[in-house]
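Work through the exercises below with the sequence and the 3D structure at hand. Try each task before reading its solution.

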Amino acid sequence: MRFKLYHCEIRQASRTSTRHVVAATDEHAAMVIDDHIQALDLKGVLYRLERVDHTLTPEWGGGEELDEFLENAPAGLVSFTDIGWVMHSAPVHKLRLFASQDYRGVPIYAIAPNVGAALTLMVNTQLPNSNHVHTFKITDVTDTLPEPERKNLDEVLAAGQAGIAECDEEHDGWWVW
């Protein structure tokens, strides 16, 4: 069975976030989002779903890769990243912050559903233009990051977008690129 891809805009009092959902029907996608909202105990949430698998261009994740993904992925939340579409590990609704270092000792952060997805994201950003040997020691720092460094981390993790993350004062804390 080939699933469909839905774009979901979730509005809360403090922010609007975007998620993507793989589901069989509009009703099924709404059930996935309702379960996500309930699991995170979010209050005062409004959302809008729109089917997008048939309108995405290749640079935005459409095409053959998406078709294959929709043929094989289970229903649930997904993210489009530099490495393509990434399925979030069910029943985990909230993503995690993983940390490592590049060959110079500069921290690298990834927001991902699991350490395997974090490794893939880190490798994809570090190795393509590098002549150095990399060893990634990846640690889940979601719950151990000191309070002053957390800023808006919980909101970013709940927003549901996997990718390489940075903490930047210009962006009022954590953000995903």
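Three exercises follow, on strands, aromatic rings and a pocket.

This is a predicted model, in which local features need pLDDT of at least 70, side-chain atom pairs count only at pLDDT 80 or more, and totals for chains, interfaces and linings use all residues. Residues are numbered from 1 along each chain as its sequence is written, and side-chain values use heavy atoms, with hydrogens and water left out.

**Exercise 1. Strands**

Task: State the order of the strands in the 5-stranded open sheet, and find the strands at its edges.

Solution.
Step 1. Helices (H or I, at least four residues) and strands (E, at least two) are DSSP runs, numbered from the N terminus. Two strands pair if DSSP finds at least two bridges between them.
Step 2. The order is β8-β6-β7-β9-β10, with antiparallel pairing.
Step 3. β8 (139-140) and β10 each have a single partner strand, so they stand at the edges and one side of each has no neighbour in the sheet.
Step 4. Inside this order, β7 and β9 (residues 163-168) are joined by 3 bridges in the antiparallel sense; Ile 111 has Gly 163 in β9 as its bridge partner.
Step 5. As a further antiparallel case, take β4 (residues 76-81) and β5 (residues 84-87), joined by 4 bridges. A hairpin of 2 residues connects β4 to β5, and Val 78 stands opposite Met 87 in β5.

**Exercise 2. Aromatic rings**

Task: Classify the ring pair of Tyr 109 and Trp 174.

Solution.
Step 1. Rings of Phe, Tyr and Trp (its six-membered ring) pair if their centres lie within 6.5 Å; planes under 30 degrees apart count as stacked, over 60 as edge-to-face and the rest as tilted. This rule gives 3 aromatic pairs.
Step 2. For Tyr 109 and Trp 174 the centres are 5.0 Å apart and the planes make 80°, so the pair is edge-to-face.
Step 3. Tyr 109 belongs to β7 (residues 107-112) and Trp 174 to β10 (residues 173-176), so the pair ties together parts 65 residues apart in sequence.
Step 4. Ring pairs also link Phe 69, Phe 80 and Trp 85 into a cluster.

**Exercise 3. The largest pocket**

Task: Describe the space in the largest pocket and its lining.

Solution.
Step 1. On a 1 Å grid over the protein atoms alone, a pocket is an open set of points where a 1.4 Å probe fits, with protein on both sides within 12 Å along at least five of seven lines; lining residues have an atom within 4 Å of a point.Step 2. About 370 Å³ lies in the largest pocket, the volume being the space filled by probe spheres set on the points, which are joined across faces, edges and corners.
Step 3. Among the 14 lining residues, Thr 18, His 20, Trp 60, Phe 80 and Gln 161 are the closest to the centre.

How values were computed
Nonpolar A, V, L, I, M, F, W, Y, C, P; charged D, E, K, R; others polar.
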